[in-house]
Amino acid sequence: MAWFRKEKQKLVSQKREIAADVWEKCDGCGEILFVRRLAENLRVCPECGHHFRMPADDYVSLLLDDGFEEEFDAGLRSADPLGFVDSKPYVRRVEQAESKVGTRDAVLTGAGSIEGRPVCLAVMDFKFIGGSMGSVVGEKITRMIERSVDRQAPALILSASGGARMQEGIFSLMQLAKTSAALQRLSEAGLPFLSILTHPTTGGVTASYAMLGDVNLAEPGALIGFAGPRVIKETIRQDLPDGFQTSEFLLEHGMLDTIVPRSELKGTIATLLGHMC
Amino acid sequence: MTADKGSLEDIRQQLDELRKRAAERGLDLKSEVGDLERRLEDAHRDEMETLSRYDRVHLARHQERPFTLDFVDYLCSDWIELHGDRKYRDDPAIVGGWATLEGRTVMIVGQQKGRDMKENLRRNFGSPHPEGYRKAERLFRLAEKFGRSVVTFVDTQGAYPGIGAEERGQAEAIARNLIVMAGLRVPIVTTIIGEGGSGGALGIAVADRVLMMENAIYSVISPEGCAAILWRSRDRAEDAADALKLTASDLADSGVIDEVISEPPGGAHLDPEAAARTVGEAIVRHLDQLEGRDPEDLVRERREKYYAMGHWEERADA
């Protein structure tokens, strides 16, 4: 059996090399990519065009001329309305997410410019508890939209979320209604709302603001849906078709206006705003 | 006195017996009957107090609870059911139509479960497809056009997670209803009558007043679904139900619901008609308060109500 154990050790050491900060494996083509080169390419695989997830701050830099000229409500922090405990207390889970990602919960909001045009922008961060929407996300998005109305500026939301945050129970569900009520006011005011969907956007976020854009854009190959693929598979007890719930699938079924590669996102948004403002 | 099931059943039998005898022989047994009724109510109250949250989940799903069409039957006249979303098909998991409620025309919309397997298959166990939400949207707009109030009944384990539902935009259909209901210029009164299952419930539940029956539940996710994700086992649904705090009494002071409607002793399934009447009285009372209001005020106050929902801390120094 000695030869067997030796083989196993070799595998582990190989894995460790790939997982290091220097290299990242592409989920699209399996290519091992140099992390710095990937970052320079907006975290899009130079070989196959696969879009890796990108941190929220990087999206802010990508989309706005000079980043946030003003960040909104960075001091909002999660409360624990239910005293929720599963495998660990919710309070602890939030603290861990904060030390990993930063203290601004699963969305950054603020004001800036896109090719000189003032906008209000929200960018979700999947790394913060799966980009889940609890009270803080709902409140920050609602306030961002309200500021759009006050400033007569277009509103943009870039989504990346697993859905409503279970640990805040019914209060998370109510954020769907709250953010939609804010969008209703924005719409009354005749201001544009662009929704940009990135990988992944599912559940309560899709079932509220992410699908309510005057124009809905998505990055290529993103998973977008109401129910997650696993839930659907368990419910219908059959395999899902190839490409199910991808951006391309949603475009084909009439749920998106267009799919835009990350490198063209800002230019497309600027042109759209030109048409709509 | 502790109320085990035996004593509850005993009291109920005695009461039936007494009522029968009074009716047959024309005897005046009012005080005896009243006495037993009080004892029955006490026994039920004791029993209800010992129910766990997960017991309430089972009660909320009880097959004999009044469903949407039962409320229509008990409370309304001149019911004309309206079918179809005008886009794809009619979804029998959501019913809707014009009805007269206490002298006024209202638009009723609600999820509809079936009582037997055949009807449940037809109604997909009350789990709507996008067409159901789009039918609801059509009816909301119709009510608005003719200045009639909207009355909705929520009873679903959730919007259906299937291939067709995703293809036809389940998320968009629900999202659309949220924004449409937020801006609707007529009163909306919603009652959670059984299961209030997440986005599938909320898709017809953005309202000026949200009422909830005593044994109904309202939650961001089913306890089984929550247990599967957070505890990695559906067997922990009981723990999930406790953690989610999804009963009417849990939500009573949350600002999410406006009133808890008490049910007959032992639950609505034991006396669906009486349960429906109590709900009807509450709906009418709220409609009386809302009808005739300026539509601008109505929409603004509805929005402000939802704006206030949620819990967060605010630090100036960040």
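**Note on the contact between chains A and B**

1. Start with the strands. Strand β4 of chain A, residues 76–78, pairs with β9(B). The pairing is antiparallel and runs over three bridges. A:L76 stands opposite B:E314, which belongs to β9(B). Keep in mind that this is a predicted model.

2. B:E314 has a second partner in chain A. It forms a salt bridge with A:R143. The closest N and O atoms of that pair are 2.8 Å apart. The count of salt bridges between chain B and chain A is one.

3. Polar contacts add to the picture. Across the interface of chain B and chain A there are 13 residue pairs in polar contact, both residues being at pLDDT 80 or more.

4. Which elements of chain B supply the side that touches chain A? Those giving at least two residues each include the helices α7 (163–167), α8 (170–183), α9 (198–202), α10 (223–231), α11 (237–244) and α14 (295–307). The strands β7 (217–219) and β9 (312–314) also supply at least two residues each. α8(B) gives the most, with 10 residues. By type, this side of chain B divides into 29 nonpolar, 10 polar and 12 charged residues.

5. Now the extent of the contact. It takes 62 residues from chain A and 51 residues from chain B. The two chains bury about 4700 Å² between them. Of that area, 71% is on carbon and sulfur atoms. Three residues supply more than any other three of the area that chain B buries against chain A: B:E166, B:Y307 and B:H311. Their share is 14%.

6. Two sites within chain B deserve a look. The first is B:E259, in strand β8 (residues 259–261) of chain B. Its side chain and that of B:R285 are joined by a polar contact of 2.9 Å. Leaving aside neighbours within four places in sequence, B:E259 is in contact with B:V210, B:L211, B:M212, B:A282, B:R285 and B:H286.

7. The second site is B:R89. This residue lies in the loop between β1 (76–81) and β2 (94–101) of chain B. Is B:R89 buried, partly exposed or exposed? B:R89 counts as partly exposed because its relative accessibility is 32%, and that class lies between the 20% and 50% cut-offs.

8. What does B:R89 touch, neighbours within four places in sequence left aside? The contacts are B:G84, B:H129 and B:E131. With B:E131 there is a side-chain polar contact of 2.8 Å. B:K135 is 46 residues from B:R89 in sequence, yet their C-alpha atoms are 9.0 Å apart in space.

Key:
Residues are numbered from 1 along each chain as its sequence is written. Chains are lettered from A and ligands numbered from 1 in the order in which they are written. This is a predicted model: local features need pLDDT of at least 70, side-chain atom pairs count only at pLDDT 80 or more; totals for chains, interfaces and linings use all residues. Side-chain values use heavy atoms; hydrogens and water are left out. Contact means heavy atoms within 4.5 Å. Buried area is the accessible area (1.4 Å probe) that two parts lose on being put together, summed over both. A salt bridge is a side-chain nitrogen of Lys or Arg within 4 Å of a carboxyl oxygen of Asp or Glu. A polar contact is a pair of N or O atoms within 3.5 Å; within protein, one must be able to donate a hydrogen and the other to accept it, and residues adjacent in sequence count only if both atoms are side-chain atoms. Helices (H or I, at least four residues) and strands (E, at least two) are DSSP runs, numbered from the N terminus. Ala, Val, Leu, Ile, Met, Phe, Trp, Tyr, Cys and Pro count as nonpolar, Asp, Glu, Lys and Arg as charged, and the others, Gly among them, as polar. Two strands pair if DSSP finds at least two bridges between them. Buried means under 20% relative accessible area, exposed over 50%, partly exposed in between (1.4 Å probe, protein chains only).
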